[in-house]
Amino acid sequence: MLLPVLFALGAALSNALATVLQRKAALTVPKSEGLRVGLILDLLRRPVWLVGIVAVITAGVCQAVALATGPITVVQPLFVLELPLALVIAAALLQGRLSRTGWLAVATVVVGLGVVLFAASPAGNRTQVPMTHWVPAVAVCVAAIAALVVAALRRPEGRGRAACFGLATAISYAMTAALMKTSMHTLDDGGITAFFTTWQTYGFALFGVCALFFLENAMQSGPLVASQPALTLGDACVSLALGITVYAEYVRTGWWLVPQLLGAALIAAGVLALSRLPLARALASEEKEQPGEGTAADAGTPAP
């Protein structure tokens, strides 16, 4: 179990680093009110942006290895650490700092995740999944995503719309991971030809693109405090459900559900607190503070 955990942590760290580096690079290029063709050319001349792209690739490789060697019920929940890691890195690279409140929120997420994983004690690592498992899983997830997108589009810009898009992103990420896991086992068993001829490879690519699209809409629709908890907890919960129903993985039930729920509550509280910090909103490219969501002093950064 050590190998998938290490690679999952590596993926979360790489994703966090990529987020900060790409945001740092974006702050150095000229702003524009509309789409600008030369934006990518400007970014290509920034070494920090190129390092961020390398971090994205590294994260993808680490996640693939983690899913190929361990249960999805272990790998995906570890990605809740991405936001805390991104804020810690941002505090170092963007000349900010985390206050005691910020560090307490980071510790709350870490402790909550530890409690959940210890209480659940996930096990199992099936390599082959029959179509009788895939069909209902894909159908339910696609239907849920469609319903969330419709609900989001019927709402005005704000927290509700951002939360709907955030949850749609979470389901897409979870399906991407579930399909990627089978693709990696196919690559290991049948080689590159089998990898490119199995439908799961194209499935995880499609869900991955959809996840990025929904994420962008979530960020543009409302504050991070609405979309990030839905994204973080949704990804972990849907991945857990897919691991149990599709891959026949095992988690402890009975009275163990009590500490699992306690750990989930700690994660939710920590993520909610972190997403309120101005430093987190800066990473999400939010330009205006939302009323009642904290001040620069709360995050330990100087007020403008």
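Trainee: Let's start with Phe 196. Is Phe 196 buried, partly exposed or exposed?

Mentor: Relative accessible area is the value to look at, and between 20% and 50% a residue is called partly exposed. In this model, which is a predicted one, Phe 196 has a relative accessible area of 46%, so Phe 196 is partly exposed.

Trainee: And what about Phe 195, buried or exposed?

Mentor: Buried means under 20%. Phe 195 comes in at 10% relative accessibility, so Phe 195 counts as buried.

Trainee: How do the rings of Phe 195 and Phe 196 sit against each other?

Mentor: For ring pairs, check the angle between the planes: over 60 degrees counts as edge-to-face. A search of the whole structure turns up six aromatic pairs. In the pair of Phe 195 and Phe 196, the ring centres are 5.1 Å apart and the planes stand at 80°, so this pair is edge-to-face.

Trainee: Which residues do ring pairs link into a cluster?

Mentor: Phe 118, Trp 255 and Trp 256 are joined that way.

Trainee: Let's zoom out. How many helices and strands does the protein chain have?

Mentor: Count 13 helices and zero strands. Walk along the sequence and the pattern is α-α-α-α-α-α-α-α-α-α-α-α-α. Of the 304 residues in the chain, 47% are buried.

Trainee: At what angle do helix 3 and helix 8 pack?

Mentor: Compare the directions of the two axes; 65 to 115 degrees counts as roughly perpendicular. Helix 3 (residues 47-69) and helix 8 (residues 159-197) pack at about 75°, with their axes 8 Å apart. Helix 3 is therefore roughly perpendicular to helix 8.

Trainee: Which residues meet there?

Mentor: From helix 3, look for Gln 63, Ala 64, Leu 67 and Ala 68; from helix 8, Ala 177, Met 180, Lys 181, Met 184 and His 185. Sorted by class, this contact has six nonpolar, two polar and one charged residues.

Trainee: Which residues touch the most other members in the largest nonpolar core?

Mentor: That core has 64 residues, and Leu 87, Trp 134, Ile 145, Met 175, Leu 242, Val 246 and Leu 274 touch the most other members. Helix 8 gives the most to this core, with 12 residues.

Trainee: What does Trp 134 touch?

Mentor: Leaving out residues up to four places away in sequence, the partners of Trp 134 include Val 129, Met 175, Leu 179, Trp 199, Val 246 and Tyr 247.

Trainee: Where does Ala 137 lie, and what does Ala 137 touch?

Mentor: Find Ala 137 in helix 7. With a relative accessible area of 11%, Ala 137 is buried. Again skipping residues up to four places away in sequence, Ala 137 touches Met 175, Leu 242 and Val 246. Ala 137 and Met 175 are 38 residues apart along the chain, yet their C-alpha atoms are separated by 8.8 Å.

Trainee: One last thing: which phi does Ser 121 have?

Mentor: Look at the sign of phi. Ser 121 has a positive phi of about 45° although Ser 121 is not a glycine. Ser 121 lies in the loop between helix 6 (100-120) and helix 7 (131-153), and counts as partly exposed at 31% relative accessibility.

Trainee: And where is Ala 248?

Mentor: Go to the loop between helix 10 (224-245) and helix 11 (257-275). Ala 248 has a positive phi of about 55°, although Ala 248 is not a glycine. With a relative accessible area of 43%, Ala 248 is partly exposed.

Key: Residues are numbered from 1 along each chain as its sequence is written. This is a predicted model: local features need pLDDT of at least 70, side-chain atom pairs count only at pLDDT 80 or more; totals for chains, interfaces and linings use all residues. Side-chain values use heavy atoms; hydrogens and water are left out. Axes are lines fitted to C-alpha atoms, for helices over the stretch in contact, and angles run from 0 to 180 degrees between N-to-C directions. Helices (H or I, at least four residues) and strands (E, at least two) are DSSP runs, numbered from the N terminus. Angles under 35 degrees count as roughly parallel, over 145 as roughly antiparallel, 65 to 115 as roughly perpendicular and the rest as oblique. Contact means heavy atoms within 4.5 Å. Ala, Val, Leu, Ile, Met, Phe, Trp, Tyr, Cys and Pro count as nonpolar, Asp, Glu, Lys and Arg as charged, and the others, Gly among them, as polar. A nonpolar core is a set of buried Ala, Val, Leu, Ile, Met, Phe, Trp, Tyr and Cys residues joined through side-chain atoms within 4.5 Å. Buried means under 20% relative accessible area, exposed over 50%, partly exposed in between (1.4 Å probe, protein chains only). Rings of Phe, Tyr and Trp (its six-membered ring) pair if their centres lie within 6.5 Å; planes under 30 degrees apart count as stacked, over 60 as edge-to-face and the rest as tilted.
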